[in-house]
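Work through the following exercises with the sequence and the coordinates open beside you. Each exercise sets a task, and the worked solution follows it step by step.

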Amino acid sequence: MHHSHIIGWSHLPFGKFDDLSLESMVGRATSEALQHAGIEASEVDAVFIGFGGMGFVPENFISSYPLQAEPGLRWAPATRVENACATGTAALYQGMAAIESGRARTVLVVGAEKMTGVSGDAVTQGLANASYVAEEASAGLSFPGIFARFAQAYFERYGDHSATLARIAAKNHANGARNPLAHLRRDFGFEFCNTVSDKNPIVAAPLRKTDCSLVSDGAAALVLRAADQTGSARQAVRFRATAQVNDYLPMSRRNFLEFEGPRRAWQQALQGAGAQLSDLSLAEVHECFTIAELLTYEAMGLSAPGQGARLLEDGTVMADGRLPINPSGGLKAKGHPIGATGVSMHVMACMQLTNTAGGIQVPGADLVGVFNMGGSAVVSCVSILEAAR
């Protein structure tokens, strides 16, 4: 089997950009990633583009967008991939599969979303349609409402953890303030995040605005190459392991507190990597809502069930802690352009592993975990990455 290395990447700043179209973002991410990899567009054998396409823009068919920016990509097979909020990683894993099968030696993976051109209601509705509509969206449940149920269940079992969620929000905002690529680069502090106010209202009890990720525009890209072809690459990052698991779509068929899909994906990936949590230098995890990060600590096995709060109190998950979680600011501060998120997380891992992460660099990072989730823990993807040189 041919393994793949990541040999180049790009990451546009995330944010609200009235002047940027989906096409222009995809084009820029494409050109910058190829340039960073030091390769010609004509060397690319296949393109995979992650795009949620949940009605935020009129476009739906965008697989050839990269060609508009790089005519050298003309005639390369290009395919759009979608798997809700795990779309970016889905595109990446398809790119890896193309190399593993021998069908391609060099692959371009792009993730992109333009979300801010429509009303907040339209975004809420588009995202809600990624739930089990028959029981969830049709009953008026939005994604904040869905994750509010996780929080309610957690609070019922383990007591009111509003302050724990606020600590997660405050940590990620403090981290995001140091990340020039983040959508929101402001340190809001614990008190603001923990206090319901005009600027921080309850969105779906017990979740406040600061417990919810941002609606963002953004794009990121990766260049993959077969490992036996990467001798001359300027930089290379290898996958020690990847894992994807899918669970039932209806929440009614799952136990909210178990976070079974994420737990299983982490176990499979660590086992495949021959690694333990203590070997990781940092992890970028999918906290679409702060409760998701808390449940992820416990699903990873970083703490016992109901004990995640201790990791914030003892500093474990802080930027300078034993296992920094979301040093980039995460979805909370970096932003969450649906199709770009999974690619973004892997770019953040590559930057950390090549010591090019600037203000968010974790010193000596040599093994990074990435967890990208689709829907309410329906898709769980975990990658374990290390520098190949």
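**Exercise 1. Two backbone exceptions**

Task: State where Pro206 is found, and identify the peptide bond that joins it to Ala205.

Solution: Begin with the position, bearing in mind that this is a predicted model. Pro206 is found in the loop that runs between strand 5 (202-204) and strand 6 (207-208). Next, look at the bond itself: Ala205 and Pro206 are joined by a cis peptide bond, for which omega is about 5°. A second residue to examine is Trp75, which is not a glycine and yet has a positive phi of about 85°. Trp75 has its place in the loop between helix 2 (65-69) and strand 3 (78-81). As background to both cases, most residues other than glycine have a negative phi, and most peptide bonds are trans.

**Exercise 2. Three helix pairs**

Task: Describe how helix 6 packs with helix 9, how helix 8 crosses helix 9, and how helix 3 crosses helix 12.

Solution: Two packed helices are described by the angle between their axes and the distance between the axes.

Step 1. Helix 6 (residues 162-176) packs with helix 9 (residues 290-300) at an angle of about 100°, and their axes are 9 Å apart. Angles of 65 to 115 degrees count as roughly perpendicular, so helix 6 is roughly perpendicular to helix 9. In this contact, Thr164, Leu165, Ile168, Ala169, Lys171 and Asn172 of helix 6 meet Thr290, Ile291, Glu293, Leu294 and Tyr297 of helix 9. Sorted by class, the residues of the contact of helix 6 with helix 9 are six nonpolar, three polar and two charged.

Step 2. The axes of helix 8 (residues 260-273) and helix 9 come within 8 Å and cross at roughly 45°, and helix 8 and helix 9 are therefore oblique to each other. The crossing of helix 8 and helix 9 is right-handed. Pro262, Arg263 and Trp266 of helix 8 make the contact with Thr296, Glu298, Ala299 and Met300 of helix 9. The residues of this contact between helix 8 and helix 9 comprise four nonpolar, one polar and two charged.

Step 3. For helix 3 (residues 87-100) and helix 12 (residues 338-353), the axes come within 5 Å and cross at roughly 65°. Helix 3 contributes Thr87, Gly88, Thr89 and Leu92 to the contact, while helix 12 contributes Gly339, Gly342, Val343 and His346. The class count for the contact of helix 3 with helix 12 is two nonpolar, six polar and no charged residues.

**Exercise 3. Cavity and pocket**

Task: Find how many cavities of 30 Å³ or more a search of the whole structure gives, and then describe the lining of the largest pocket.

Solution: The search of the whole structure finds one cavity of 30 Å³ or more, and the volume of the largest cavity is about 50 Å³. Among the residues that line the largest cavity are Phe150, Asp247, Arg254, Phe259 and Ser376. By class, the lining of the largest cavity has four nonpolar, three polar and three charged residues.

Turning to the largest pocket, its volume is about 780 Å³. The largest pocket is lined by 31 residues, of which Lys209, Cys212, Ser213, Leu214 and Val215 lie nearest its centre. Helix 4 (120-128) and helix 5 (143-158) each supply at least two residues of this lining, and helix 4 gives the most, with four residues. The lining of the largest pocket divides into 17 nonpolar, ten polar and four charged residues.

Methods:
Residues numbered from 1 in each chain as written. Predicted model: local features only at pLDDT ≥ 70, side-chain atom pairs only at ≥ 80, totals over all residues. Heavy atoms only, no water. 1 Å grid on protein atoms, 1.4 Å probe; cavity = no way out; pocket = protein on both sides within 12 Å on 5 of 7 lines; lining within 4 Å. Points joined across faces, edges and corners; volume = space filled by probe spheres on them. Nonpolar A, V, L, I, M, F, W, Y, C, P; charged D, E, K, R; others polar. Axes fitted to C-alpha atoms, helices over the stretch in contact; angles between N-to-C directions. Parallel < 35°, antiparallel > 145°, perpendicular 65-115°, else oblique. Contact = heavy atoms within 4.5 Å. Left-handed = near helix turned anticlockwise from the far one by under 90°.
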